[in-house]
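Trainee: Please show me how to read the features of a model such as this one, step by step.

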Amino acid sequence: MSDKQRAREQKHAWIYLFNLGFYILPMVLFPYQVWEIVVMVAAMLIFIGLYYCCYSVPREQMLWPILGMYIIACAVTPLNPGSIALFSYAGFFVGFAYNWRVALVAVTGILLTLAAFHFGPGTRWALFLPYGIVIVVTVSIFGRVERLRQQHAEEQERDAEEIEHLATSVERERIARDLHDILGHTLSSIILKSDLANAQLSKRRYDEASEQLVELSEIARESLSQVRQSVSGYKHGGLQLELRRLEQRLADGGFSTRITGTPPIIDEQRETSLVLAITELVTNIIRHSNGQQCLIHFDETANTYHIKVTDNGNCHEVSSGNGLKGVELRMKELGGSVAISANKGCEVALLLPKLAEQQV
């Protein structure tokens, strides 16, 4: 049980003290001597202290308070047969604190104690045992039910914490992937624009250099905006618009680009993942490929969208860095997969199932 739940239970613990009425009533109805009243009141006050002690400690530490309550109940029984109320509290905490085997043995021990007082010299009330059995057994069952209720609440709390932790981890990974794909892409463009501006300046082509610097500034501003969006959820301009932007970036990097086929029309969440995946693949081409051509091809079958991003560079082997692993993870989250081929240049195929779209 959490501290907050325990504090809430303690706050309402006084409500259950109403059962002490069975103990107080004989003190009012019968002509006790003053010292007997004093002893019974003192015993009740100590008992209440032990009662709150049980509420304030973990279940594993309830043994001694429960024994104290049991001893007080035994001690006052010769004076006050209303002690069955005190025995019932002991039964409640036994049912609450221990597993059913231990609780059954302990409650049986309490009932045998009542029987010993009933048939022995402990009390002269003829209904002491029958009433005692009913009250102790009933209240012990309440203790057992309360134990099960709190265990269920604890399980729900653990599940909620686990779900929250998992959601936090997933969101952290999403932000990391988005930042990697977005920043990798835009920083590459910034480097490229800077190199072009330097080249133009070295040739004293100031107007062309100025044009490159203006575009560089726009890219930097867009990058800053995208970083901010990544924290709250990346928002793109749509697959068609992003393809045109990528085509321009590839052109700036010296690649001629062909986009063939029909881009899929899919829900926003999957479109975002697809945009980021293609962006990362294009960034890899700009960074690592020694080719001059890039092909982005869209196709589909009855159940699957096929997207291929290919370059004609001299590629013999592809190692999966963080970028490709991020692409694979994005496709896996959508139920898709990634296939990489390096026979003639580098070809990365994204396979995206339509099933999720059909289920929406």
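Mentor: We begin with the labels: helices are DSSP runs of H or I with at least four residues, strands are DSSP runs of E with at least two, and the numbering starts from the N terminus. Please keep in mind throughout that this is a predicted model. With those labels in hand, arginine 204 can be placed in the loop between helix H7 (128-202) and helix H8 (206-232).

Trainee: What is the phi of arginine 204, and is arginine 204 buried or exposed?

Mentor: The phi of arginine 204 is positive, about 60°, although the residue is not a glycine. Arginine 204 has a relative accessible area of 66%, and because the cut-off for exposed is over 50%, this residue counts as exposed.

Trainee: Where does arginine 59 lie, and is arginine 59 buried or exposed?

Mentor: Arginine 59 also belongs to a loop, the one between helix H3 (34-56) and helix H4 (63-76). Its relative accessible area is 16%, and since buried means under 20%, arginine 59 is buried. If neighbours within four places in sequence are left aside, arginine 59 is in contact with Phe96, Ala97, Arg147, Gln150, Gln151 and Glu154.

Trainee: Now to packed helices. At what angle do the axes of helix H5 and helix H6 cross?

Mentor: In general, two packed helices are described by the angle between their axes and the distance between the axes. Here the axes of helix H5 (residues 84-97) and helix H6 (residues 100-119) cross at roughly 170° and come within 9 Å. Because an angle over 145 degrees counts as roughly antiparallel, H5 is described as roughly antiparallel to H6. Their crossing is right-handed. On the H5 side the contact is made by Ile84, Phe87, Ala90, Gly91, Val94 and Gly95, while H6 contributes Ala103, Ala106, Val107, Ile110, Thr113, Leu114 and Phe117. The residues of this contact between H5 and H6 divide into 10 nonpolar, three polar and no charged.

Trainee: At what angle do helix H2 and H3 pack, and is their crossing left-handed or right-handed?

Mentor: Helix H2 (residues 21-29) packs with H3 at an angle of about 165°, and the axes are 11 Å apart. By that angle, H2 is roughly antiparallel to H3. The crossing of H2 and H3 is left-handed. Tyr23, Ile24 and Met27 of H2 make the contact with Ile37, Met40, Val41, Ala43 and Met44 of H3, and the residues of this contact comprise eight nonpolar, no polar and no charged.

Trainee: Which residues in H9 meet which residues in H10?

Mentor: We should take the geometry before the residues: helix H9 (residues 239-252) and helix H10 (residues 268-288) pack at about 5°, with axes 11 Å apart. An angle under 35 degrees counts as roughly parallel, and therefore H9 is roughly parallel to H10. As for the residues, Leu239, Glu242, Leu246, Arg249 and Leu250 in H9 meet Glu271, Leu274, Val275, Ile278, Thr279, Val282, Ile285 and Ile286 in H10. The contact of H9 with H10 divides into nine nonpolar residues, one polar and three charged.

Trainee: How many aromatic pairs are there, and which residues form one aromatic cluster?

Mentor: A pair of aromatic rings is described by the distance of the centres and the angle of the planes. Rings are paired here if their centres lie within 6.5 Å, and by this rule the count comes to 11 aromatic pairs. In one of them, phenylalanine 47 and tyrosine 89 are edge-to-face, with 5.6 Å from centre to centre and 65° between the planes. This pair links distant parts of the chain, for phenylalanine 47 is in helix H3 and tyrosine 89 in helix H5, 42 residues apart. Both phenylalanine 47 and tyrosine 89 are buried. Tyrosine 51 and tyrosine 89 form a further edge-to-face pair, at 5.5 Å centre to centre and 80° between the planes; tyrosine 51 is in helix H3, 38 residues apart from tyrosine 89 in helix H5. The cluster you asked about consists of Phe47, Tyr51, Tyr52, Tyr55, Tyr89, Phe92, Phe93 and Phe96.

Trainee: Lastly, how far apart in space are proline 78 and glycine 122?

Mentor: Their C-alpha atoms are 4.8 Å apart, although proline 78 and glycine 122 are 44 residues apart in sequence. Proline 78 lies in the loop between H4 and H5, and, leaving aside neighbours within four places in sequence, proline 78 is in contact with Phe117 and Gly122.

How values were computed:
Residues numbered from 1 in each chain as written. Predicted model: local features only at pLDDT ≥ 70, side-chain atom pairs only at ≥ 80, totals over all residues. Heavy atoms only, no water. Axes fitted to C-alpha atoms, helices over the stretch in contact; angles between N-to-C directions. Parallel < 35°, antiparallel > 145°, perpendicular 65-115°, else oblique. Left-handed = near helix turned anticlockwise from the far one by under 90°. Contact = heavy atoms within 4.5 Å. Nonpolar A, V, L, I, M, F, W, Y, C, P; charged D, E, K, R; others polar. Buried < 20%, exposed > 50% of the residue type's maximum accessible area, 1.4 Å probe, protein only. Phe/Tyr/Trp six-rings, centres within 6.5 Å; stacked < 30°, edge-to-face > 60°.
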